[in-house]
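Open the model in your viewer and keep the sequence panel beside it. We will walk from stop to stop, with something to select at each one.

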Amino acid sequence: MRQYIDVTGKTEEEAINAALAQLSMDRDDVSVELLERAKAGFLGLGSCPAKVRVYYGPEEEPAEKQPERKPEPKPEKRTEARPEKRVEPKMEQAEKKPKKVEETPVVPALGEEVDDEKAQAIRRFLTGLMEQMEVSAVIKVYQPEKGRYKVFLEGEHMGALIGRRGETLDAIQQLTSYAVNRTGGRVRVQLDAEGYRNKREQSLQHLARKVASKVTRYHRSVTLEPMNAYERHVIHVALQDVPGVTTHSTGVDPNRRVVVTYDRDKK
């Protein structure tokens, strides 16, 4: 049965974190309903804490009606019984071989690698950074369009470069972009390691669909965990055509979040 607790805090974020700590649950395991917003008051007078209601526990699934069984007609009596021909199955000469599942390549088809001035600067910076981190990686630089470079890192122990939910990879991408754009024209650098970006995007799309299902079922808003601008964009795009829900962002970086809201007028 779906249960809930009401928790207060100085801010909405503090109230949610207090509830999660009390329940020993992650943000994705609960649904949050804002009961009262925090009010600062004037000179400390009339202040009011934020109050949230956090739902947890298994979701109730509506019971499906079983179709009524119609009485089966009685078989007619046969006057003559003809012997049935027995057909013996033929032995297959060779067993069917299982189809091989094609694995998605880590590096998508982007043509040949580039080696212009910006690409060389990218390789130089990343090579020095990898040496400082004592990580060995192959650096591949592509230019899918003018002004944008896609960089792929391949090798062992890429987890150290990716970090928790891609935080280290985001930081390396930002540093690389800053180093390359100090001189000359400004370009956009996108960094990936072992296909992490694509896997993360698929995970976020799955999360978006799961949350949208909860919102439409319970008619309550759900606030997601803090995400960077790219991940928030993935959530917005994944739900922009889903009926019954709308999305918007709230807060400031690095704690900016996506809120999925029920909208019965959206078709």
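In which strand is Thr223 found? Select residues 222–223: this is strand 7, and Thr223 is part of it. Before going further, note that this is a predicted model, in which local features need pLDDT of at least 70, side-chain atom pairs count only at pLDDT 80 or more, and totals for chains, interfaces and linings use all residues. Residues are numbered from 1 along each chain as its sequence is written, and side-chain values use heavy atoms, with hydrogens and water left out.

**Stop 1: Thr223 and its surroundings**

Keep Thr223 selected. Its relative accessible area is 18%, so Thr223 is buried (buried means under 20% relative accessible area, exposed over 50%, and partly exposed in between, with a 1.4 Å probe and protein chains only). Now show the contacts of Thr223, where contact means heavy atoms within 4.5 Å. Not counting residues up to four places away in sequence, Thr223 touches Arg27, Arg257, Val258 and Val259.

Next, select Glu225, in the loop between strand 7 and helix 6 (229–239). Is Glu225 buried or exposed? Glu225 counts as buried, at 8% relative accessibility. Which residues are in contact with Glu225, leaving aside its neighbours within four places in sequence? They are Arg27, Arg165, Arg200 and Arg257. Arg27 and Arg257 also touch Thr223, so keep those two on display.

**Stop 2: strands 7, 8 and 9**

Colour residues 257–262, which make up strand 9. Strand 7 pairs with strand 9 in the antiparallel sense over two bridges (two strands pair if DSSP finds at least two bridges between them). Val222 has Val260 in strand 9 as its bridge partner.

Add strand 8 (residues 245–250), which runs antiparallel to strand 9 and is joined to it by six bridges. Pick out His248 opposite Val259, then Thr250 opposite Arg257. Strands 8 and 9 form a hairpin with six residues between them. In the turn, click on Gly251, which has a positive phi of about 90 degrees.

**Stop 3: helix 1**

Move to residues 12–23, helix 1. Its 12 residues should span 16 Å at 1.5 Å a residue, and its end C-alpha atoms are 17 Å apart, which agrees (the expected span is 1.5 Å times one less than the number of residues). Show the side chains of Ala15, Ile16, Ala19, Leu20 and Leu23, the buried residues of this helix. They cover an arc of only 135 degrees around the axis, so they lie on the same side of helix 1 (the arc is that of the directions from the helix axis to the C-beta atoms). On the other side, Ala21 and Gln22 are exposed.

What covers the buried residues of helix 1? The cover includes strand 1 (3–9), strand 2 (31–36) and strand 3 (50–56). Finish this stop at Ser24, which follows helix 1 and has a positive phi, near 55 degrees.

**Stop 4: the sheet of strands 4, 5 and 6**

Select strand 4 (138–145) and strand 6 (188–193), then add strand 5 (residues 148–154). These three strands form an open sheet in the order 4-5-6, with mixed pairing. Strands 4 and 6 stand at the edges with a single partner strand each, so one side of each is left without a neighbour in the sheet. Strand 5 and strand 6 run parallel and are joined by six bridges; look for Leu153 opposite Ala193.

**Stop 5: Ile122**

Go to helix 2 (residues 117–133) and select Ile122. With a relative accessible area of 0%, Ile122 is buried. Leaving aside neighbours within four places in sequence, Ile122 is in contact with Val141, Tyr149, Val151, Thr176, Val180 and Val189. Try a distance label from Ile122 to Ile139: they are 17 residues apart in sequence and 9.0 Å apart in space, C-alpha to C-alpha.

**Last stop: the whole chain**

Zoom out. The protein chain has six helices and nine strands (DSSP runs numbered from the N terminus, helices being H or I of at least four residues and strands E of at least two). Of its 267 residues, 30% count as buried. Among contacts between residues at least 6 apart in sequence, 60% join residues at least 24 apart.
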